[in-house]
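I opened a fresh page for this structure. I wanted to look things up one at a time and write each answer down.

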Amino acid sequence: MASSAAYFAFSVLVTLHLCCCHGQAADAAGSNSSDVTAIYSLGDSITDTGNLIKEAPPGMFETIKHLPYGITFGYPTGRCSDGLLMIDFLAQDLGLPFLNPYLGKNKSFDHGVNFAVAGATAMDLTDQFSGRFFAPFSSNSLNVQLRWFKDYMKSTFSTDEGNSPDQFHIRKRLQSSLVLIGEIGGNDYNYALFGKSVSEVEKLIPGVVRTIIDAAKEVLEMGANRVIIPGNFPIGCMPTYLTSKRSSEPSDYDATGCLRELNRFAAKHNARLRRAIADELRPSYPAAAVAYADYFNSFLALLDAAGELGFDAGSARRACCGAGGGEYNYDPRRMCGAEGAAACAEPEKYVSWDGVHMTQAAYRAMSRLVYHGMYLEPQILSLADAP
């Protein structure tokens, strides 16, 4: 746990970064965030605001359709949390309404669309799994979401005849928009780690990263000039893996109580993704602002300063909603919303909501660290200091 003095120094660094980098960010994008009139988001459950529950067959994924999911928000919304997500806080900070899910009926998309689907993978099932790994429940890969995005833009900005896309207006719309591609890819690894070794799953990293970069290229070709691509979280700190990969060997854990091997694996994915953004995307699209969102180190910073940020430091790696008690309160047979599971009385004191996803309070802290601070590389948003 960081000392108060260390946290003060960390806060100063964040403040200094905000002061010195906002002008650079505006220059990189050719404008500032006040010009962002829409957000288009692709990803998985970290960002999904309701697409999964719209397409899930009756009887499936019932838990996220009901309380305690959404309990802090007041009612369930299809978000995999007790309340809001990072994408919601980002929209608020940009002065925009919450993003409606693409599969929602009679929803307004005037200020953007959320194409993210909980459970989605980066790679298509035929490309990745082909019988080698446990098959996922969602077929809405990044390529599927990208197709939705293109179809939406074409149908919304078509010519007067209505039968061909108006490329000029698509580009114009995207130049005043922010596009998020991810977080995506985490589920490719989550499914593969079901019964497979980390060394086997590492073989997927090149294909996952290539899929993300190719999707970003397509979005940039369409005219996007602000794109954010987040990396993966330190999955060795999540209650689900701390439970399923529990080790009796103390050397398998780092100083924060996280599993070293899984965090090294996530770091390898992030290093390859960050390198591809720097070596491929930025040189090929110099007029666009392409940023890497460092979810890995921002999450570790959150854990390190959990007490100072208002969380219960002793519960930083414990699920608020779950069963089984113990150190992590996570049981895959009785996950949040299932019979025998219960939610904690104060979700705002917890980092993890259900052992897999974070609480609204943690997502708010992450949004502040990433979008207002030093974990967006480069800092392409000129956001005012968040309340």
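My entries follow, sorted by topic.

**Entry 1: the sheet**

I note before anything else that this is a predicted model. I began with the strands. In what order do the six strands of the open sheet lie? I read the order as S2-S1-S3-S4-S5-S8, with mixed pairing. At the edges I found S2 (112–114) and S8 (376–377), each pairing on one side only. A reminder to myself: strands of a sheet pair through backbone hydrogen bonds, either parallel or antiparallel.

**Entry 2: strand S5 and its neighbours**

I picked S5 (residues 289–293) for a longer look. On one side I looked up S4 (residues 226–230), which pairs with S5 in the parallel sense over five bridges. Within that pairing I found Ile-228 bridged to Ala-291. Pro-230 stands opposite Ala-293 of S5.

Next I checked S8. Does S8 run parallel or antiparallel to S5? It runs antiparallel, and two bridges join the strands. Ala-293 has Leu-376 of S8 as its bridge partner.

Then I asked how S5 sits in the structure. Five of its five residues are buried, so S5 is largely enclosed by the rest of the structure. I sorted the residues by face. Ala-289, Ala-291 and Ala-293 are on one side, with Val-290 and Tyr-292 on the other, and both faces are covered. In a regular strand the side chains alternate between the two faces of the sheet.

I also looked for a helix here. H11 (residues 260–284) lies across S4, S5 and S8. I noted its angle to S5 as about 175°.

**Entry 3: helix H12 and the loop after it**

I moved on to H12 (residues 295–304). How many of its 10 residues are buried? I wrote down seven, so to speak a mostly covered helix. The buried residues are Tyr-295, Phe-296, Ser-298, Phe-299, Ala-301, Leu-302 and Leu-303.

What caps the N-terminal end of H12? I found Asp-294 there, with a side-chain oxygen 3.3 Å from the backbone nitrogen of Phe-296.

I went on to Ala-305, in the loop between H12 and strand S6 (321–322). Ala-305 has 3% relative accessibility, so I entered it as buried. I also checked its distance to Ala-316. The two are 11 residues apart in sequence, and their C-alpha atoms are 9.9 Å apart in space.

**Entry 4: the cysteines**

I searched for disulfides. A disulfide is a covalent bond between the sulfur atoms of two cysteines. How many disulfides does the count give? It comes to three.

Cys-237 and Cys-258 form one of them, with sulfur atoms 2.1 Å apart. I read 110° about the S-S bond, a right-handed link. This pair links distant parts of the chain, 21 residues apart. Cys-237 is in the loop between S4 and helix H10 (239–244), and Cys-258 is in the loop between H10 and H11. Both cysteines are buried.

Cys-320 and Cys-344 form another, also listed with sulfur atoms 2.1 Å apart. Here I read -95° about the S-S bond, and the link is left-handed. Cys-320 is in the loop between H12 and S6, and Cys-344 is in the loop between strand S7 (342–343) and helix H13 (360–371). They are 24 residues apart. Both Cys-320 and Cys-344 are buried.

Cys-321 and Cys-336 form a disulfide with a sulfur distance of 2.1 Å. The link is right-handed, with 85° about the S-S bond. Cys-321 lies in S6 and Cys-336 in the loop between S6 and S7, so the pair ties together parts that are 15 residues apart in sequence. Cys-321 is buried at 1% relative accessibility. Cys-336 is buried too, at 4%.

I numbered the bonded cysteines in sequence order and got the pairing 1-2, 3-6, 4-5. Cys-80 is in no disulfide. Its nearest cysteine sulfur belongs to Cys-336, 9.9 Å away. Cys-80 counts as buried, with 5% relative accessibility.

**Entry 5: His-372**

My last stop was His-372, in the loop between H13 and S8. Why does His-372 count as buried? Its relative accessibility is 2%, and the cut-off for buried is under 20%. Which side chain does the side chain of His-372 contact? I found a polar contact with Asp-93, at 2.7 Å.

Notes:
Residues are numbered from 1 along each chain as its sequence is written. This is a predicted model: local features need pLDDT of at least 70, side-chain atom pairs count only at pLDDT 80 or more; totals for chains, interfaces and linings use all residues. Side-chain values use heavy atoms; hydrogens and water are left out. Buried means under 20% relative accessible area, exposed over 50%, partly exposed in between (1.4 Å probe, protein chains only). Helices (H or I, at least four residues) and strands (E, at least two) are DSSP runs, numbered from the N terminus. A polar contact is a pair of N or O atoms within 3.5 Å; within protein, one must be able to donate a hydrogen and the other to accept it, and residues adjacent in sequence count only if both atoms are side-chain atoms. Two strands pair if DSSP finds at least two bridges between them. Contact means heavy atoms within 4.5 Å. Axes are lines fitted to C-alpha atoms, for helices over the stretch in contact, and angles run from 0 to 180 degrees between N-to-C directions. A disulfide is a pair of cysteine sulfur atoms within 2.5 Å.
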